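Trainee: I've just opened this one and don't know my way around yet. Please walk me through it.

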Amino acid sequence: MLLNLVKFSARVFFKVFYDFRVEGLENIPKTGALIIAGNHLSNADPPAIGGFAGLVRDSRFMAKKELFEIPVLGWFFRRCGYISVDRKRTIGDFGALEGAIKALGKGESVVMFPEGTRSKTGKPQKPKSGIGFLVYKTGAPVLPVKIEGTFGWPWVRKIRVKFGQPFTLQQDPALEPKAQYKQFANEIMDKINSITI
């Protein structure tokens, strides 16, 4: 109930205070393992994506662990089953990745931002290999989503969110696993950036 209230509040907030448009909700599979992957421009991106994707299905978010240290917000994230990510680990947070793998194994939806952090310029960044690792280990389909207009939030006016078509990636037996993780991550980021709004 609390999660539904928050998602509803997010939708009302963006619709009332911004020139907001969302497209492609019909592309979100209602069941089955799914990785929803989006570009990251500001703190507005998670509620903008999650609030509207939540009209179709609930998802677990992968979020930086610092947010879990904020008393009320951290309690809410834990209650919703969100996955804490320690971005300071140089080779990746394998505990967080394991949590995402378990969620996907149960047929759940996981939302993540392949770039790993917000863009400081408003331009696309190179993705981290974590999302490639998840796809390699689980074979889960990926739903790319692009968001525009949130860079400089809250002092913006027009925000657009578009969900693309889900797709799967096939392993290349000629590549070592780490190279495959990176290739998968790059392909996913290319899909996100290719969405036109």
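Trainee: Let's start with R60. What is its relative accessible area?

Mentor: Keep in mind that this is a predicted model, where local features need pLDDT of at least 70, side-chain atom pairs count only at pLDDT 80 or more, and totals for chains, interfaces and linings use all residues. Residues are numbered from 1 along each chain as its sequence is written, and side-chain values use heavy atoms, leaving out hydrogens and water. On our scale, buried is under 20% relative accessible area, exposed is over 50%, and partly exposed is in between (1.4 Å probe, protein chains only). R60 is partly exposed because its value is 24%.

Trainee: Which residue forms a salt bridge with R60?

Mentor: A salt bridge here is a side-chain nitrogen of Lys or Arg within 4 Å of a carboxyl oxygen of Asp or Glu. For R60, the closest N and O atoms of the pair are 2.4 Å apart. R60 is in strand β3, while its partner is in the loop between α5 and β5, 48 residues apart (helices are DSSP runs of H or I, at least four residues; strands are runs of E, at least two; both are numbered from the N terminus). That partner is E108.

Trainee: How many salt bridges does the structure hold?

Mentor: Side chains of opposite charge can pair when their charged atoms come close. One of the pairs is K7 with D58, at 2.3 Å between the closest N and O atoms, and K65 with D86 is another, at 3.7 Å. K65 sits in helix α3 and D86 in the loop between β4 and α5, so this pair ties together parts 21 residues apart in sequence. The total is 7.

Trainee: Is K7 buried or exposed?

Mentor: Its partner D58, at 45% relative accessibility, counts as partly exposed. K7 has a relative accessible area of 9%, so the word for K7 is buried.

Trainee: And H40: which residue's side chain joins its side chain in a polar contact of 2.9 Å?

Mentor: H40 is in the loop between β2 and α2, and at 12% relative accessibility it counts as buried. A polar contact is a pair of N or O atoms within 3.5 Å; within protein, one must be able to donate a hydrogen and the other to accept it, and residues adjacent in sequence count only if both atoms are side-chain atoms. A polar atom of the H40 side chain also lies 3.4 Å from the backbone oxygen of S42. The side chain at 2.9 Å belongs to D45.
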